[in-house]
Amino acid sequence: MYEHFLVPVDGSELSDRAMNSSINLAHKLGARITGFIVEPFVPPPASIGEGYQYRRVVRQHDSVVEAHAGKVLERFEELARAKGVGFTRHSTQSTDIDAAIVDAATEHHCDLIIIATHGRSTIGELLWGSHTKSLMALTKLPLLVLH
C-alpha cells in the first residue's frame, strides 16, 4: 500500500486537518511522512532604484519565512513522533507552489500526496484558484484530498 506521504502544510487551521489526518493514516499503515512547506519569494522591486532596499527586504523576508516554516514543521514533527510515525521535514521557496509540491514528492520518493482543501465555490476558485485541481493535473501520484 502507501509507505511515504508528502503532506504540504502552511500553518493554517486547514493544514492542521492535513497534519492530524495524515498522522493517523500513517500510523495505521506503518507509513512515514515528509512534511512540506512552500513559501513565496518577495516580489521584485517596482523600480531599479530600489535595488539596495530590495536586498535588505529579501534577507528579512527569507529570515521570517524560514522561521515560520521551522515552527510549523517542528509542531508537525512533534505530533507525528508522539504517534510513532517517521517524519522528515522539507521547505523551499518558489513562485509555483503546485510544481514545488510535485517536485518535492518526486525528490523524496513519496507515493501519496495528502492535502486539505477549502472546497471553494466556482467563484472562489476563479478569484483564488485551486491548488487541488492544479495538483491533479500535474502529478501522476495518488492524491488524497481532505475536505
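**Exercise 1. Find what the side chain of Asp-16 meets in a salt bridge, and say what that pair ties together.**

*Solution.*
Step 1: Go to the side chain of Asp-16 and look for its partner; you'll land on Arg-75, with a salt bridge of 2.8 Å, N to O.
Step 2: Place both ends. Asp-16 sits in helix α1, while Arg-75 belongs to helix α2 (residues 51-82), so this pair ties together parts that are 59 residues apart in sequence.
Step 3: Check how open each end is. Asp-16 has a relative accessible area of 22%, which makes it partly exposed. Arg-75 is partly exposed too, at 38% relative accessibility.

Keep in mind throughout that you're working with a predicted model.

**Exercise 2. Work out how many salt bridges the whole structure holds, and which residues are joined into one network.**

*Solution.*
Step 1: A search of the whole structure turns up 3 salt bridges. You've already met the one between Asp-16 and Arg-75.
Step 2: Now try Glu-77. Its side chain meets that of Arg-81 in a salt bridge at 3.1 Å, N to O. These two are 4 residues apart in helix α2, so about one helical turn separates them.
Step 3: Compare the burial of the two ends. With a relative accessible area of 19%, Glu-77 falls under the 20% cut-off, so it counts as buried. Arg-81 is partly exposed at 47%.
Step 4: Glu-77 also forms a salt bridge with Arg-89, at 2.8 Å, N to O. Here Glu-77 is in helix α2 and Arg-89 in strand β3, so the pair links parts that are 12 residues apart in sequence. Arg-89 is partly exposed, with a relative accessible area of 37%.
Step 5: Put the shared partners together, and Glu-77, Arg-81 and Arg-89 make one network.

**Exercise 3. Lay out the fold: count the helices and strands, then give the order of the strands in the sheet.**

*Solution.*
Step 1: Count first. The protein chain has 5 helices and 5 strands.
Step 2: Walk along from the N terminus, and the elements come as β-α-β-α-β-α-β-α-α-β.
Step 3: Now look across the sheet. The 5 strands make an open sheet in the order β3-β2-β1-β4-β5, and the pairing is parallel. The edges belong to β3 and β5 (143-146); each has a single partner strand, so one side of each has no neighbour in the sheet. On average, neighbouring strands are turned by 20 degrees against each other, direction ignored.
Step 4: Zoom in on one pair. β1 and β4 pair in the parallel sense over 2 bridges, and Phe-5 has Leu-112 in β4 as its bridge partner.

**Exercise 4. Describe how α1 and α3 lie on the sheet, and list what covers the buried residues of α3.**

*Solution.*
Step 1: Start with α1 (residues 13-29). This helix lies across β1, β2, β4 and β5, and runs at about 175 degrees to β1.
Step 2: Next, α3 packs on the sheet and touches β1, β2, β3 and β4; its direction makes about 150 degrees with that of β2.
Step 3: Pick out the buried residues of α3 (residues 97-107): Asp-98, Ala-100, Ile-101, Val-102, Ala-104 and Ala-105.
Step 4: Ask what sits over them. The cover includes β1 (4-8), β2 (32-39), β3 (87-93), β4 (112-116) and α5 (131-138).
Step 5: Look just past the helix. His-109 follows α3 and has a positive phi, near 55 degrees.

**Exercise 5. Decide whether Ser-94 is buried or exposed, and find its contacts.**

*Solution.*
Step 1: Locate Ser-94 in the loop between β3 and α3.
Step 2: Its relative accessible area is 15%, so with the cut-off at under 20%, Ser-94 is buried.
Step 3: Check the polar side. A polar atom of the Ser-94 side chain lies 2.9 Å from the backbone nitrogen of Asp-96.
Step 4: Leave aside neighbours within four places in sequence, and Ser-94 is in contact with Val-38, Glu-39, Pro-40, Phe-41 and Ala-100.

**Exercise 6. Finish with the chain totals: what share of the residues is buried, and what does the accessible surface come to?**

*Solution.*
Step 1: Of the 147 residues in the protein chain, 35% are buried.
Step 2: The accessible surface comes to about 8,900 Å², and 55% of that belongs to carbon and sulfur atoms.
Step 3: Take the contacts between residues at least 6 apart in sequence; 78% of them join residues at least 24 apart.

How values were computed: Residues numbered from 1 in each chain as written. Predicted model: local features only at pLDDT ≥ 70, side-chain atom pairs only at ≥ 80, totals over all residues. Heavy atoms only, no water. Buried < 20%, exposed > 50% of the residue type's maximum accessible area, 1.4 Å probe, protein only. Contact = heavy atoms within 4.5 Å. Pairing = 2+ DSSP bridges. Axes fitted to C-alpha atoms, helices over the stretch in contact; angles between N-to-C directions. Areas by Shrake-Rupley, 256 points an atom, 1.4 Å probe, with all protein chains shown as cover. Polar contact = N/O pair within 3.5 Å; in protein donor to acceptor, adjacent residues only side chain to side chain. Salt bridge = Lys/Arg side-chain N within 4 Å of Asp/Glu carboxyl O.
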